[in-house]
Amino acid sequence: VDTVVEQITVEAVALELERPLDPDALVDESAFARDEFLPYWASLWPSGVALAHHVARLRPTGVRVVELGCGLGLPSLVAARLGADVTALDWSPDAVSLLRRNAERNGVRLESVVADWRTPGPAADRRFPMVLAADVLYEQRNAEPLLELLERIVEPGGAAYVADPGRRHAPSFLAGAAERGWQPEAVPDTRIPNGAVHVLRPG
Ligand SMILES: C[S@@+](CC[C@H](N)C(=O)[O-])C[C@H]1O[C@@H](n2cnc3c(N)ncnc32)[C@H](O)[C@@H]1O
């Protein structure tokens, strides 16, 4: 696929991001038939940009971070550049291999793994003080597995940062989080005017 390389500045962090030129060209009919898989990973969504800025402002030096549904993984790249110990996860092997290339291109180290957050395998055996996810609430089927996973992987005293542009299933996700004892706090961001970066701390 044809790609472009974009210069991106997130707070004080300057990065180069290689991304597919035309994400729609990646639609694979057989993968869609199997698991309604669409190549959403190939775009840089405003939520990912908002989350990257939020993470940069948190200065995550030395913090263990995991990003779920990372796609192009801008928040992961920014966190890694600032010295965090980052694991990024996506179920798309293409997303994971492009993120590896982008990490190399920017001289940062991170771990990127192909995993489904419904059955995340080894990624669910560890707890993290900082769990990131951007624009993952666009389908009802995502909400419940994400809430279950957050319970398992957010360290006591830690937080999940879920950036959402105002997707239809965000309210039920947040209601489910509150029912499970999380205390969601919405931090507005002009890049996602109908949404927010939702900070979820264990109650
Ligand atoms: C709308 S995109 C957002 C990508 C990126 N976080 C951003 O904001 O630019 C949703 C991402 O979630 C990933 N995803 C969807 N369902 C998943 C699952 N069950 N397990 C892991 N990743 C998943 C997709 O491959 C895609 O990269």
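1. How far is an oxygen atom of the ligand from a polar backbone atom of Gly48? The separation is 3.3 Å. Keep in mind that this is a predicted model.

2. Start with the ligand. It has 17 residues around it. Those that come nearest are Gly69, Asp90, Asp116, Trp117 and Ala134.

3. Asp90 deserves a second look. An N or O atom in the Asp90 side chain lies 2.6 Å from a ligand oxygen atom. Asp90 is also one of the residues that come nearest to the ligand.

4. Backbone atoms take part too. Trp45 places a backbone N or O atom 3.1 Å from an oxygen atom of the ligand. For Gly48, the polar backbone atom is 3.3 Å from a ligand oxygen atom. Gly48 has another role: this residue of H2 is part of the contact with H3.

5. Now the first helix pair. H2 covers residues 46-58, and H3 covers residues 74-81. Their axes are 8 Å apart, and the packing angle is about 20°. Angles under 35 degrees count as roughly parallel, so H2 and H3 are roughly parallel to each other. The crossing of H2 past H3 is right-handed.

6. Which residues of H2 and H3 meet? H2 supplies Gly48, Val49, Leu51, Ala52, Val55 and Ala56. H3 supplies Leu74, Pro75, Val78 and Ala79. By class, this contact has 9 nonpolar residues, 1 polar residue and no charged ones.

7. The second pair is H5 (residues 140-153) with H6 (residues 170-179). Their axes come within 9 Å and cross at roughly 30°. The same cut-off of 35 degrees applies, so H5 and H6 are roughly parallel to each other. Their crossing is right-handed.

8. On the H5 side, the contact is made by Gln140, Ala143, Leu146, Leu147 and Leu150. On the H6 side, Ser172, Phe173, Gly176 and Ala177 take part. The classes here are 6 nonpolar and 3 polar, with no charged residues.

Technical notes. Residues numbered from 1 in each chain as written. Predicted model: local features only at pLDDT ≥ 70, side-chain atom pairs only at ≥ 80, totals over all residues. Heavy atoms only, no water. Axes fitted to C-alpha atoms, helices over the stretch in contact; angles between N-to-C directions. Helix = DSSP H or I, 4+ residues; strand = E, 2+ residues; numbered from the N terminus. Parallel < 35°, antiparallel > 145°, perpendicular 65-115°, else oblique. Left-handed = near helix turned anticlockwise from the far one by under 90°. Contact = heavy atoms within 4.5 Å. Nonpolar A, V, L, I, M, F, W, Y, C, P; charged D, E, K, R; others polar. Near = heavy atom within 4 Å. Polar contact = N/O pair within 3.5 Å; in protein donor to acceptor, adjacent residues only side chain to side chain.
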